[in-house]
Amino acid sequence: MFTRSSIIVGCTAVALLAACSAPGGTADSTATGMAAGTLAEANPAEVRTTIEAANQRAAAGMVAGDLTAALSSYSDDAVMMMPGMPMMTGRPAIEAGMKGMMDMMKVNAATFNTQDVMVGGDMAVETGTFEMTTTMKGAKPMTEKGKYMTLWKRQADGSWKAIRDINNTDGAPPAAAK
């Protein structure tokens, strides 16, 4: 069973990993570091801009209740790790878990703040904070804050996809079920 905190944190993870590829499924050579059909050295400032844009598109998808938009930047073999839940391995498992959460609540607002992006070759590690307001069915809105770390990998087409994500809230963990 999902706890209220795990649902909120789960939606946060979705937002952090969504919409990394350019619109229409094509790579944008200026944002991805592609040069004449080969992958050039990744520019850290451009990678950060790409990740921040992906986070904004994902947040918009979550608020709209659009699961496809919210999950569009997961790699097929991505792994999501959220508090109080088993690890979700692979896009089908992540989609199923996120659908269950989004069916239980409405995301009213989401803000994601990238604090740092470290780039090494075709990998980038993003750390950041989030604030999200959600409303569970039949409940009052609730706002939570937290932090996350996401590992992004540049794909052969130059787009960046999230391959690992872990996050948690700043509040105390929920009391153990009795």
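**Close-up 1. The surroundings of T114 in a predicted model.** Leaving aside residues up to four places away in sequence, T114 touches R48, I51, E52, N55, E126, T127, G128 and Y148, and the reader should keep in mind that the model shown is predicted. T114 lies in strand β5, and with a relative accessible area of 10% it is buried, because buried means under 20%. One of the residues that T114 touches, N55, is also a polar partner, since the side chains of T114 and N55 make a polar contact of 3.5 Å. N55 is itself among the buried residues of helix α3.

**Close-up 2. Helix α3 from its start to the residue that follows it.** Helix α3 takes in residues 44-64, which makes 21 residues, and from its first C-alpha to its last it reaches 30 Å, close to the 30 Å expected at 1.5 Å a residue. At the start of the helix, a side-chain oxygen of N43 comes to within 2.9 Å of the backbone nitrogen of A45. After the helix comes G65, which has a positive phi, near 75 degrees. The buried residues of α3 are V47, T50, I51, A54, N55, A58, A59, G61 and M62.

**Close-up 3. A54 of helix α3 and K161.** A54 has its place in helix α3, and its relative accessibility is 0%, so A54 counts as buried. Although A54 and K161 are 107 residues apart along the chain, their C-alpha atoms are separated by 9.7 Å in the model.

**Close-up 4. The largest nonpolar core.** Eleven residues form the largest nonpolar core, namely A59, M62, A70, M105, V107, A110, F112, F130, M132, M136 and Y148. Helix α3, strand β5 (105-120) and strand β6 (123-136) each supply at least two residues of this core, and the largest share, four residues, comes from β5. A second core, separate from this one, has ten residues, including L71, Y74, M80 and M98.

**Close-up 5. The open sheet and its edges.** Which order do the six strands of the open sheet follow? The order is β4-β3-β8-β7-β6-β5, and the pairing is mixed. Strands β4 (88-89) and β5 stand at the edges with a single partner strand each, so one side of each is left without a neighbour in the sheet. As a general rule, strands of a sheet pair through backbone hydrogen bonds, either parallel or antiparallel.

**Close-up 6. Strand β3 and its two partners.** Strand β3 (residues 74-81) pairs with strand β8 (residues 160-169) in the parallel sense, over four bridges, whereas β3 and β4 run antiparallel and are joined by two bridges. V79 can be followed in both directions, for V79 stands opposite R164 in β8, while in β4 the bridge partner of V79 is T89. In the hairpin of β3 and β4, six residues lie between the strands, and G84 there takes a positive phi near 70 degrees.

**Close-up 7. W152 in strand β7.** W152 is found in strand β7, which takes in residues 142-154. Is W152 buried or exposed? W152 counts as buried, because its relative accessibility is 0%. The side chain of W152 is joined to the side chain of E126 by a polar contact of 3.1 Å, and E126 is also one of the residues that T114 touches. The C-alpha atoms of W152 and A162 are separated by 4.3 Å, with the two residues ten apart along the chain.

**Close-up 8. The whole chain, for orientation.** The protein chain has five helices and eight strands, and along the sequence they follow the pattern α-α-β-β-α-α-β-β-α-β-β-β-β. Of the 178 residues in the chain, 44% are buried. Among contacts between residues at least 6 apart in sequence, 65% join residues at least 24 apart. The chain exposes about 8500 Å², and carbon and sulfur atoms supply 59% of this area.

Note on methods
Residues numbered from 1 in each chain as written. Predicted model: local features only at pLDDT ≥ 70, side-chain atom pairs only at ≥ 80, totals over all residues. Heavy atoms only, no water. Expected span 1.5 Å × (residues − 1). Buried < 20%, exposed > 50% of the residue type's maximum accessible area, 1.4 Å probe, protein only. Polar contact = N/O pair within 3.5 Å; in protein donor to acceptor, adjacent residues only side chain to side chain. Contact = heavy atoms within 4.5 Å. Areas by Shrake-Rupley, 256 points an atom, 1.4 Å probe, with all protein chains shown as cover. Core = buried A, V, L, I, M, F, W, Y, C linked by side-chain atoms within 4.5 Å. Pairing = 2+ DSSP bridges.
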